[in-house]
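Hi everyone, thanks for making time this morning. I'd like to walk you through one structure, starting with a single residue and then stepping back.

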Amino acid sequence: MMLIGIDPHKSTHTATAVDPGTNRDQASIRIDGSLQEYQRMLDWVRQWPQRRWAVENARGLGHHLTSWLLARGEQVVDVPPSATARVRQLSRAPSTRQPCSNSQPENTSQLVNVASRLSSYAFKPCASSEGPSGDSDNWRNWDDW
């Protein structure tokens, strides 16, 4: 099963497909935060029929995309920003003391790698215990993996 990590931002989202068995990046895509681009990303991930999405901050910047994915029957887990804060801190460029761009594919794959190691952490949906249509089956805990 492929794990698709999403690093959402106000105007763009970066998705990286990571094989959880090897923690190796398979591919990445960067899209604008629009419905047309969401569909383009969904078309892109169809090459992996068995997949789960790990959306950083699904209750915040990732809420719109998360709701859109759930409405299409995708399995989504929320990765709280606090779970990836240390990775972001360590990925700062030492010479400039400026953070690396958060929407780079390597940062998204770091998000997925951190998330895949948090096997005992239970993630919750962005708005309630149910998806937008009352379907809680698409919201998963890391324990279910």
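**A threonine under cover**

Let's begin with Thr16, which counts as buried because its relative accessibility is 0%, and the cut-off for buried is under 20%. Please keep in mind that this is a predicted model.

So where does Thr16 sit? You'll find Thr16 in strand E2. And what does its side chain touch? The Thr16 side chain makes a polar contact, at 3.0 Å, with the side chain of Ser28.

Now for the strand itself. E2 covers residues 12-19, and its antiparallel partner is E3, residues 24-32. How many bridges join the two? There are eight of them. If you follow E2 to Asp19, you'll see Arg24 of E3 standing opposite. Between the strands of this hairpin lie four residues, and Asn23 has a positive phi there, near 55°.

Let's zoom out to the protein. Its secondary structure consists of five strands and four helices. Going along the sequence, the order is β-β-β-α-β-α-β-α-α.

Thr16 has plenty of company, by the way: of the protein's 145 residues, 42% are buried. As for the outside, the accessible surface is about 7,600 Å², and carbon and sulfur atoms contribute 45% of that.

One last number, on contacts. Taking those in the protein with a separation of 6 or more, 55% are between residues 24 or more positions apart.

That's my tour, and I'm happy to go back to any part of it on the screen.

Technical notes: Residues are numbered from 1 along each chain as its sequence is written. This is a predicted model: local features need pLDDT of at least 70, side-chain atom pairs count only at pLDDT 80 or more; totals for chains, interfaces and linings use all residues. Side-chain values use heavy atoms; hydrogens and water are left out. Two strands pair if DSSP finds at least two bridges between them. Buried means under 20% relative accessible area, exposed over 50%, partly exposed in between (1.4 Å probe, protein chains only). A polar contact is a pair of N or O atoms within 3.5 Å; within protein, one must be able to donate a hydrogen and the other to accept it, and residues adjacent in sequence count only if both atoms are side-chain atoms. Contact means heavy atoms within 4.5 Å. Accessible areas come from the Shrake-Rupley method with a 1.4 Å probe; for residues, only the protein chains shown count as cover.
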